Amino acid sequence: MARGPTGGGAERSCGECAAEQERRGGAMDRVSSSMRQAANPLPRVLSRRAGGGGLEAERENFERAQTVSINKAINTQEVAVKEKHARTCILGTHHEKGAQTFWSVVNRLPLSGNAVLCWKFCHVFHKLLRDGHSNVLKDSVRYKNELSDMSRMWGHLSEGYGQLCSIYLKLLRTKMEFHTKNPRFPGNLQMSDRQLDEAGENDVNNFFQLTVEMFDYLECELNLFQTVFSSLDMSRSVSVTAAGQCRLAPLIQVILDCSHLYDYTVKLLFKLHSCLPADTLQGHRDRFLEQFRKLKDFFYRSSNLQYFKRLIQIPQLPENPPNFLRASALSEHISPVVVIPAEASSPDSEPITDLVEMETASQSLFDNKFDDIFGSSFSSDPFNFNSQNGMNKDDKDRLIEQLYKEIGALKEELESFKAESERRSLQLRGRISELEAELAEQRHLKQQALDDSEFLRTELEELKKQREDTEKAQRSLTEIERRAQANEQRYSKLKEKYSELVQNHADLLRKNAEVTKQVTVARQAQGDVEREKKELEDSFQRVSEQSQRKSQEQAEVLETLKRELAASKQELQVLQGTLETSMQEGAEQNTRIAGLEQERDSLSQAAAQHGKEMAALQAELQQLRDALSSEKESSRKELETLQMQLQDKQESAERTLQQHRAEEQFALLQSSAQEAERMVQDALGRLEDPAHISCTGSADYLLSRTSAASECIERLQDAHSKYLANRTDVSTLLPCVALFAHLISDTILQGSATSHMAPMEPADRLLEACKQCGSEAISYLSSLQDPGSVASVNCTAVTNCLCRISAIGEELRPRGLDVEQEELGDLVDKEMAATSAAIETAAARIEEMLSKARAGDTGVKLEVNERILGSCTGLMQAIQVLVLASKDLQREIVESGRGAASPKEFYARNSRWTEGLISASKAVGWGATVMVDAADLVVQGKGKFEELMVCSHEIAASTAQLVAASKVKADKDSANLSKLQQASRGVNQATAGVVASTKSGKSQIEEKNSMDFSSMTLTQIKRQEMDSQVRVLELENQLQKERQKLGELRKKHYELAGVAEGWEEDGTD
C-alpha cells in the first residue's frame, strides 16, 4: 500500500524536485485538508504564521527583527561580526529605504563606554555605507559631529581598542564627507570610466581637487591598516583566534575601498598629466608613490594571513608604480579586482529565509512525498478510517508508526537534498564569481587592447603624415643643398682665380717698386757724376787762373809751376779719362733707365690687362651672388608659403578651439544661471512657507540688502559686457551671477520678513515688489541661458524692482525724535565739537579751581584738593585724547564706507549708528560738565565725595559707549582703532585715579574730623548709640528707596533711548 523512498531519491536534482512539486500541487492541498479533518492528525514540523496583519504590525515586526539583528551584530563579545546579522541590517535599510531604525537602536547602545562595542559598530556602519540603501548617508550625516566627539574621546586611550576606534571613526567621517562632496560616487565606489569622467565634469580643476580628496580618503584607510597590524602580535597565528578575527574583519571593507581608490587615483593622475605640466603635479606624484608602497605592503601582508585566504582574494599591485610622465603607460595599468568567494561570506553564516517560505517549501515537499508513499488513491480521503472495512486499532497504530518512519526518512532525505543543493549552489556561486572576475579582467584587457590599437593606429597615421612631410621637406632641402653646393663650388673656383690674380698683381707691384727704386738710384748716381764733372771744371778753371796769375807774379817759380803744370796736366788727363769713363757709365745708365722704363710700361700694360680680367671676374662673381640671392629669395618665399599654410592651419585650429572653449564657457554660464534660478525660485517658494511667517526683519537691514544687490547688478552688467567682448572667458561673470542670485534671494526674504512687521498697505506693496523682483530675476537668468538672447539681456527691470523695494523700505524706516536724516551729518560734527569745547572748558575751570585752592587753603585740605583736582585734570586730558582719536577713526570710517557718496549721505544711510555716536558724544560732554561742578562743590566743602566718584564712573561709561559706537563700523586692523582703544584704557586709568584720590581725601578729612568721646558719660554714650542706630535704620531705608528709584530711572532712560534710536523696532524684529 505504501511505497518507501527509493535509493536514488537523494540523487535527484533540485530542478526535478521543483517539477515534481508543480506536478503534485493539487495533491498537497488534498493532503492538507485531510490532515485537518483527521481525528488524530500528524504532528506538524512548522506551524503556519498568521497572515494578513496590518501595516503597524508589520512595521513592529520589522523593527523588532532589526533590533535583534543589530544587538546581535553589535555586542561586547570580542569576536567578528556575524555576516547573517550584518546582512539583515543591510536588507533592513533597503526595506525602509533609509537608516532611521538602525540609528534609533544604535543611539541606545553605550558606544562611549565599551571599546569593543564601538569597534563592531564601526564595522557594521561601514558595511551599511558600502552596501546599504543610498539614503543611509543622508540619514547618517546628522550624526557626524557625534562621531567626531567619540573619535576624540577614544583617541585618549593608547592601548587596546581605543586608538583603533578613534582612527576607524575618523575614516567613517572622511568617507561620509567624501560621498557628500561627490554624490556621483556610490557607497561601494564601483564606477565605470565614463562615470568617473562625468564626476569631474571635464574640468581639470575638479579632477585636481577630486584627486586630493581621494588621497585623503586613501590615507585614512592606510592609517587603519597600519594601526590594526601594529596592535596584533604577528609572531603568533592571531588570524585564527576570535580576538584577532574581531580586529581583522573590518579590513575586508577597507581592502574593497582601497582597490577602487587606487584604480581611480591612477586614472585621474594620467588625466591630469595630459592637461597640466609635470612640475605642477610633483606633489601628487610624491604622495601617490608613498601610498603605493604602503598599499602594496599591506596587500602583501594581508594575503599571507590565513583568515583572509578563505574570505577574500586580495589582488597584488605591480612591482613598480605607473610612470605618469609617459602617456602610453596607462595602457599597461591593470585595475585591481577583489574577489569575494560565495562560500566565504562568513564561517558561521546561515541562510536567511522567510518563515512562510520555509514552511511552504517544507509542506510542499511533505505533500509530494506523501503522494509518492501512499499514491493518489489516498488523495481524496486518506484518513477516513471508517471507510477501511475491518481495520482495527492495531492497524491504525502500525499505520501511524509507519507514517512516522516515512516522515523521518523523508526529513533525512530532505536534509540531504538541502545540503547537496546548498553545496552545489555555493560551488556554482564561487565558480560564477571566478568567471565574473575572469570576464571582468578579459573585458578590461580587451578594452585596453582596443585602446592600445586605437592609440597605435592614431600614432601610426600621425607618423605616416610626419614621414610624408619629412620626405617632402627632405627632398626640398636636398635640392636646396645641391644648388647651394654647386654655387659654393663656383664661388670657390672664382675665389681661387681671384686670389691668384691678387697675388700676381702684388708681385707685379713689388717688381715695379724695385724697378722704380733702381731708376731712382741710377738717377742719383748720374747726378753725382755731373756734380763731380762740374766741380772738376770749376777746379780746373780756378787752377788755370791761379797758374796764369802765379806765372805773371812769380817768374822764378815758373819751372816749378811748369812741373806742377805738367803734373796737373797729367792729373787733368787722368781726370778727363775718368770723366770720359763716367760719361760712358752715364750713357749706360741712361740705356738701362730706358730699358727699365720700357719694362715699366709693359708691366703697366700687364697690370691694366689684369685689372680688366679682375673686373670681368668680379662681374661674374656678382652674377653668381645675384643668382645665389635669387635662389635664397625663392627658398625664403617657399618657406614663407609653408609658414603661411601652417599659420592658416593653426588659426583654423585656434578658431575651432576658441569656439569649443566658448561653448564650454557658455555651458558653465548656463549651469551657473540654472543654479542661480533655482536659488531665486527657492526664495520665492519660501515666501509661502508657514514657517517663514514668524521671521521678521528691519527696514534698515532691508535697505542694506537692496543697496548691496544694486551694486552687484552694476558689477554684473560690467562682467556681462566683458563676456560679450570675449566669450571664451566667463571667469568674471560666474561669481557675479552667483552673488546676484544670493543677494536677490536675500533681499526677497528680508523684504518678506520686514513686511511681517509693517502696516497692511505698505506690507502688501513690499511683498508684491519682492515677488515681482524675483520674477524679473528669474526671467533675466533664463535669458542668460539662451544663446540667442544672452547678448541683448539687461537688468533694468530688476533694478526698477529694487528701487521700489528701497522706496518702501525708506517709508518703513524709524525716524529720529528731533533730527531729520539730512541733518545727521552736520549734527555729528556739531556734537563732537561741542564735546571738545565742553572738555576744554572743564579743564580750564579745574585749573582755575586749583589756583583758588592753593591761594585760600592750607594743610590737609589743600593737599586733598590738589590731589583731587590734579586727578580730574588728568581725566580731562585723557578724555581729550579719546575724543581726538574718535574723530580720526570716525573720519576713516566715513572715507572707507561712503564710496562715491558724500559724508552726509553716509551718515543718513547709517542713521542708527550716527544717532548712537551723537548720544555717546552728548553723554561725554555732559559728564565732564557735571564732574567739574561736583569737584567745585567738594573743593568748597559744600559737596559730597560720592558725587565726584559717581560722575567719574558716568564719564567712564560714556567714553565706553563712544568707543563701542566708533568700533562698530571700524576695521579691526585699523591703526586709529588701536589708538582709540589705547585712549579708552587711559580714560579708565584716569577714572580710577579720580576715584582713588577722592576716597583718599575723604578718609583724610574723616580722620581729621573724628569725634572725641573721652569726656562723655555712660548715659550720653548710650543716648548717642541709640541715635546712631536710628540714623542707620533711616539711612538703610533711604538707601533701599534710592536703589529702587535708580532702577526705575535706568529703566525709563533705556526706554527713552530705545524710542529715540529705534531699538524697539529692532527688538521686535
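Select Lys-271 and Phe-207. Lys-271 lies over the face of Phe-207, 5.5 Å from the ring centre. A charge sits over a ring here if NZ of Lys or CZ of Arg is within 6 Å of the ring centre and within 35 degrees of the ring normal. This is a predicted model: local features need pLDDT of at least 70, side-chain atom pairs count only at pLDDT 80 or more, and totals for chains, interfaces and linings use all residues. Residues are numbered from 1 along each chain as its sequence is written, and side-chain values use heavy atoms, with hydrogens and water left out.

Next, select Arg-247 and Tyr-161. The charged end of Arg-247 sits over the Tyr-161 ring, 4.5 Å from its centre.

Now zoom out to the whole chain. Its secondary structure comes to 30 helices and 0 strands. Helices (H or I, at least four residues) and strands (E, at least two) are DSSP runs, numbered from the N terminus. Buried residues make up 37% of the 1069 residues. Buried means under 20% relative accessible area, exposed over 50%, partly exposed in between (1.4 Å probe, protein chains only). Among contacts with a separation of 6 or more, 81% join residues 24 or more positions apart. Contact means heavy atoms within 4.5 Å.

Colour the largest nonpolar core. Such a core is a set of buried Ala, Val, Leu, Ile, Met, Phe, Trp, Tyr and Cys residues joined through side-chain atoms within 4.5 Å. This one holds 93 residues, of which Ile-74, Phe-102, Phe-121 and Phe-185 touch the most other members. Helix α13 (residues 251-273) gives the most to this core, with 14 residues. Centre on Phe-185. Beyond its neighbours within four places in sequence, its contacts include Phe-178, Met-191, Leu-210 and Tyr-264.

Move to α6, residues 115-131. α6 has 17 residues and reaches 24 Å from its first C-alpha to its last, close to the 24 Å expected at 1.5 Å a residue. The expected span is 1.5 Å times one less than the number of residues. Is α6 enclosed or open? Of its 17 residues, 16 are buried, so α6 is largely enclosed by the rest of the structure. At its start, a side-chain oxygen of Asn-114 comes within 3.0 Å of the backbone nitrogen of Val-116. A polar contact is a pair of N or O atoms within 3.5 Å; within protein, one must be able to donate a hydrogen and the other to accept it, and residues adjacent in sequence count only if both atoms are side-chain atoms.

Stay on α6 and show the aromatic rings. Rings of Phe, Tyr and Trp (its six-membered ring) pair if their centres lie within 6.5 Å; planes under 30 degrees apart count as stacked, over 60 as edge-to-face and the rest as tilted. The count comes to 22 aromatic pairs. Trp-103 and Phe-121 form an edge-to-face pair, 5.9 Å centre to centre with 70 degrees between the planes. The pair links distant parts of the chain: Trp-103 in α5 (residues 100-106) and Phe-121 in α6, 18 residues apart. Trp-103 is buried at 4% relative accessibility, and Phe-121 at 0%. Add Phe-102, Phe-125 and Tyr-143, which complete one aromatic cluster with these two.

Step to Gly-132, in the loop between α6 and α7 (135-140). Gly-132 counts as buried because its relative accessibility is 14%. Outside its neighbours within four places, Gly-132 contacts Ile-90, Thr-93, His-94 and Lys-127.

Finish at Ser-974, in the loop between α27 (945-967) and α28 (975-1008). A polar atom of its side chain lies 3.3 Å from the backbone nitrogen of Asn-976.
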